[in-house]
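Work through the following exercises with the sequence and the model open. Each task is followed by a solution in steps.

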Amino acid sequence: MTVAAARVKMGLEPRFLVIMGVSGTGKTTIATGLATRLGWHFQEGDALHPPANVEKMSTGQPLTDADRAPWLALCHDWLRAQVEAGHGAVLTCSALKRAYREQLRANGLPIEFVHIDTSATELAARLERREGHFMPASLLPSQLATLEVPGDDEPVIRVSGEKHPDVVLEELIRHFQTEG
Ligand SMILES: Nc1ncnc2c1ncn2[C@@H]1O[C@H](COP(=O)(O)OP(=O)(O)O)[C@@H](O)[C@H]1O
Ligand SMILES: O=C(O)[C@H](O)[C@@H](O)[C@H](O)[C@H](O)COP(=O)(O)O
């Protein structure tokens, strides 16, 4: 779908969204749903991790700030290219710390975060059930400990990860339509 067609379809101006939160909260589910419905570009942040990061997480070791730095740089570069091209874009990225979110927004990028909040109990159940993903459920405690919930001074939209994804998608699209 062209940018113009997407605008006509939903009546929305392009936005540049980072769907964030800990592992298993529903980032990929919500981001792919939004990108499909709105005709916006989509990037899975997990696919931008250097192989060494994936190897580390696969073997149950949490990433450090230094591990995440090159990954966040690639996420930032992708976002900057979308802003320059001027079409709506949706990136999944855990963006757990404020400093990481600042790195993503660097150079004045008009990024908005969508924080999906899900209880630890529900997250643990999801990660135990999920198949075909490198991230082990054993890393959930470190994900939760690392998360700095976005503050009101950050550009954030908060949604529940425990509602049905279709409900969350409708809420987000309504929010975008209301905000123009
Ligand atoms: N709102 C939801 N309710 C129930 N299950 C969900 C919901 N969102 C995602 N899931 C499931 O939880 C697991 C993790 O979702 P995913 O989108 O991969 O999360 P993340 O990208 O944040 O790791 C998947 O198996 C997915 O199908
Ligand atoms: O910063 C990190 O520690 C990782 O990016 C982590 O937060 C992310 O969750 C993994 O990449 C697993 O991928 P999922 O979030 O898709 O489970």
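The exercises below concern a predicted model and cover its ligands, an aromatic pair, a polar contact and two backbone angles.

**Exercise 1. Ligand 1**

Task: Describe the surroundings of ligand 1, from its shell of residues to its polar contacts and its cover.

Solution.
- Step 1: Collect the shell. Ligand 1 is surrounded by 13 residues, and the closest are Gly 24, Lys 27, Thr 28, Thr 29 and Lys 163.
- Step 2: Assign the shell to elements. Helix α2 supplies the largest share, three residues.
- Step 3: Look for polar contacts, with a cut-off of 3.5 Å between N or O atoms. A polar backbone atom of Gly 24 lies 2.8 Å from an oxygen atom of ligand 1. From the side chain of Lys 27, an N or O atom is 2.8 Å from an oxygen atom of ligand 1. For the side chain of Thr 29 the corresponding distance is 2.6 Å.
- Step 4: Evaluate the cover. On its own, ligand 1 has 560 Å² of accessible area, of which the protein covers 74%.
- Step 5: Place the ligand. Ligand 1 sits in the largest pocket.

**Exercise 2. Ligand 2**

Task: Repeat the analysis for ligand 2 and state how much of its area the protein buries.

Solution.
- Step 1: The shell of ligand 2 holds 15 residues, with Ser 23, Lys 27, Asp 46, Arg 68 and Arg 130 coming nearest.
- Step 2: Check the polar side-chain atoms against the oxygen atoms of the ligand. The distance is 3.0 Å for His 49, 2.8 Å for Ser 94 and 3.3 Å for His 133.
- Step 3: Ligand 2 exposes 400 Å² when taken alone, and the protein buries 98% of that.
- Step 4: Ligand 2 sits in the largest pocket. Lys 27 is named among the closest residues of ligand 1 and among the nearest residues of ligand 2.

**Exercise 3. Aromatic pairing**

Task: Find the aromatic pair, classify its geometry and say which parts of the chain it ties together.

Solution.
- Step 1: Apply a cut-off of 6.5 Å between ring centres. The count comes to one aromatic pair.
- Step 2: The ring centres of Trp 40 and Phe 176 are 6.2 Å apart and the planes stand at 35°, so the pair is tilted.
- Step 3: Trp 40 belongs to the loop between α2 (27-38) and β2 (41-44), while Phe 176 belongs to helix α8 (residues 165-179); the pair therefore ties together parts 136 residues apart in sequence.
- Step 4: Trp 40 and Phe 176 are both buried.

**Exercise 4. Arg 15**

Task: Is Arg 15 buried or exposed, and with which side chain does its own side chain make a polar contact?

Solution.
- Step 1: Locate the residue. Arg 15 is in the loop between α1 (3-10) and β1 (16-20).
- Step 2: The relative accessibility of Arg 15 is 10%, so the residue counts as buried.
- Step 3: The side chain of Arg 15 makes a polar contact of 3.3 Å with the side chain of Glu 179.

**Exercise 5. Positive phi**

Task: Examine Ala 95 and Asn 107, and decide whether each is buried or exposed.

Solution.
- Step 1: Ala 95 is not a glycine, yet its phi is positive, at about 45°. Asn 107, also not a glycine, has a positive phi of about 65°.
- Step 2: Ala 95 lies in the loop between β3 (89-92) and α5 (98-105), and Asn 107 in the loop between α5 and β4 (111-117).
- Step 3: Ala 95 has 0% relative accessibility and so counts as buried. Asn 107 has a relative accessible area of 61% and is therefore exposed.

Definitions and conventions: Residues numbered from 1 in each chain as written. Chains lettered and ligands numbered in written order. Predicted model: local features only at pLDDT ≥ 70, side-chain atom pairs only at ≥ 80, totals over all residues. Heavy atoms only, no water. Phe/Tyr/Trp six-rings, centres within 6.5 Å; stacked < 30°, edge-to-face > 60°. Helix = DSSP H or I, 4+ residues; strand = E, 2+ residues; numbered from the N terminus. Buried < 20%, exposed > 50% of the residue type's maximum accessible area, 1.4 Å probe, protein only. Near = heavy atom within 4 Å. Polar contact = N/O pair within 3.5 Å; in protein donor to acceptor, adjacent residues only side chain to side chain. Areas by Shrake-Rupley, 256 points an atom, 1.4 Å probe, with all protein chains shown as cover. 1 Å grid on protein atoms, 1.4 Å probe; cavity = no way out; pocket = protein on both sides within 12 Å on 5 of 7 lines; lining within 4 Å. Sits in = over half its atoms within 2 Å of the grid points.
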